[in-house]
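Trainee: I should like to take a close look at one part of this model, namely its salt bridges. May I put a request to you about them?

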Amino acid sequence: MHDHLKAKRRSEGMHGNAFEPIHIPIWVWDREETRQILKKRDVAGLFALAVKYAGASQVRLSAATGLAQGRISQIMRGQRQVTDLEVFERIASGLNLPDHARMLLGLAPRDVASPTSDHDGEYREQAEELRARIEAAATVDAMAVQILATDTNNLRLLDRRLGGLAIADKMRAQISQIQRAHHHAVRPGIRTQLAHVLSETAALAGWQALDRCALADAWDYHETAISAAREAEDPALLAYARGQQAYVLIDLGRPAEAAELLHHVRHTYDRRVPDHLRTWLAAEAEAAAILGDEATTRTALDQAATLLPKEDADPSLPYVALNAHHLARWRGNCLVRFGDPETIEDLRSALAGMDGTFNRAEAGLRCDLAHALLARGDAEAAQPHLYRAEHLATMIGSRRHGRRIAELKRAVTRALR
């Protein structure tokens with residue numbers, strides 16, 4: 001059998017059978033080991049079953065589930081986890097899970113009329129499990145939702161100080177808990193409130209994924225945030241999640257599409273959201289700056305300055321941190337690309353007024369300041385800012401800033417030769 005499977009895998013590569021459906025023998029799903037894999041939502045274990053009993057390669061798993069091969073490899077090595085229900089659904093469909101296996105995985109059966117076929121015992125067990133989950137979700141009331149919202153906000157504050165890497169386990173647990181409650185909530189009012197918290201939490205997780213350069217994860221988290229915001233019927237959350245998703249496109253090297261998305265979001269939601277978020281939506285300036293469109297960049301920044309409220313924060317928008325100092329940092333980040341002589345003063349002003357808890361923002365600001373000083377020909381003055389930025393980026397585990405710092409350090413070395 002082992003030789004047969006090896007030959008089959010070679011055949012996939014040689015004869016182009018990577019897109020053949022994956023069929024795992026039905027008896028495999030009745031084994032106790034498999035039942036435990038399903039109950040634990042052990043995706044790596046599911047993929048291992050497909051390899052062992054269907055001879056599936058990673059290429060074939062990728063074609064069947066729609067997940068990138070690199071992501072499948074990381075999951076199988078235990079380097080990534082799956083938490084999104086939509087991804088579980090894709091995996092279940094790609095591996096052709098029978099209905100009783102889908103239900104053990106926590107998914108709805110495909111054949112509602114006959115959900116268990118010859119597996120009446122499995123049906124009863126899954127029905128009991130589903131009842132238990134719905135009953136558990138029914139205990140979530142407005143106070144419980146408020147506690148979950150407070151937990152998300154506390155994670156946001158920790159993220160600013162410590163970075164996403166330090167709180168990764170807590171973030172995964174928080175999202176899993178909210179998704180589980182939301183997925184099984186029946187009461188419309190509570191379900192809507194849970195969707196609101198889920199959107200905020202997923203958007204935060206998406207930004208953290210972007211910071212560690214996990215772009216596929218960042219995109220998926222933002223899709224979760226967008227979907228939840230739509231269910232919550234909250235235009236501010238929806239505008240924020242869609243606008244923040246544009247940064248994934250920027251880091252993916254697609255600034256034109258990011259600019260188009262930001263322009264659309266801004267003009268769609270501008271008059272429907274609070275002023276702090278209206279100001280934040282001028283993020284269109286960043287994409288325009290990357291594209292070399294100075295006129296659009298300056299117009300967006302000027303509009304942001306006009307819209308910026310006097311108050312430092314809006315309690316209804318805990319996910320938006322924006323005041324005059326943040327705007328000065330933002331302005332410097334954009335205009336440094338055009339050699340604006342005022343950029344250095346904008347950035348120094350932002351640094352002087354920066355809250356010491358925004359470590360990721362300070363790392364980015366010092367990178368911008370080093371960039372501006374380099375452009376002015378003052379490489380020696382740029383060095384201390386790069387040292388500080390590197391220290392902060394290492395402390396918070398920011399690969400995104402780490403890449404930029406490495407590039408700027410090389411530029412400083414060349415300038416000092």
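Trainee: Which residues are linked in a network of salt bridges? Please go on from there to the separate pairs and describe how buried or exposed their members are.

Mentor: Please keep in mind that this is a predicted model. The network you ask about joins Arg71, Arg80, Arg212, Asp217 and Asp220. In total, the structure holds 30 salt bridges. As a general point, side chains of opposite charge can pair when their charged atoms come close.

Let us turn to individual pairs. Arg102 and Glu89 form a salt bridge whose closest N and O atoms lie 2.8 Å apart. This pair links distant parts of the chain, with Arg102 in helix H7 and Glu89 in helix H6, 13 residues apart. Arg102 has a relative accessible area of 3%, so it is buried, whereas Glu89, at 30%, is partly exposed.

Helix H20 (residues 359–375) contributes Glu362, which meets Arg388 of helix H21 (residues 379–396) across 26 residues of the chain. The N to O distance in this salt bridge is 3.2 Å. Here Glu362 is buried, with 9% relative accessibility, and Arg388 is partly exposed, with 32%.

Asp368 forms a salt bridge with Arg404, the closest N and O atoms being 2.7 Å apart. Asp368 also belongs to helix H20, while Arg404 lies in helix H22 (residues 399–416), 36 residues apart from its partner. Asp368 has a relative accessibility of 2% and therefore counts as buried; Arg404, at 24%, counts as partly exposed.

Definitions and conventions:
Residues are numbered from 1 along each chain as its sequence is written. This is a predicted model: local features need pLDDT of at least 70, side-chain atom pairs count only at pLDDT 80 or more; totals for chains, interfaces and linings use all residues. Side-chain values use heavy atoms; hydrogens and water are left out. A salt bridge is a side-chain nitrogen of Lys or Arg within 4 Å of a carboxyl oxygen of Asp or Glu. Helices (H or I, at least four residues) and strands (E, at least two) are DSSP runs, numbered from the N terminus. Buried means under 20% relative accessible area, exposed over 50%, partly exposed in between (1.4 Å probe, protein chains only).
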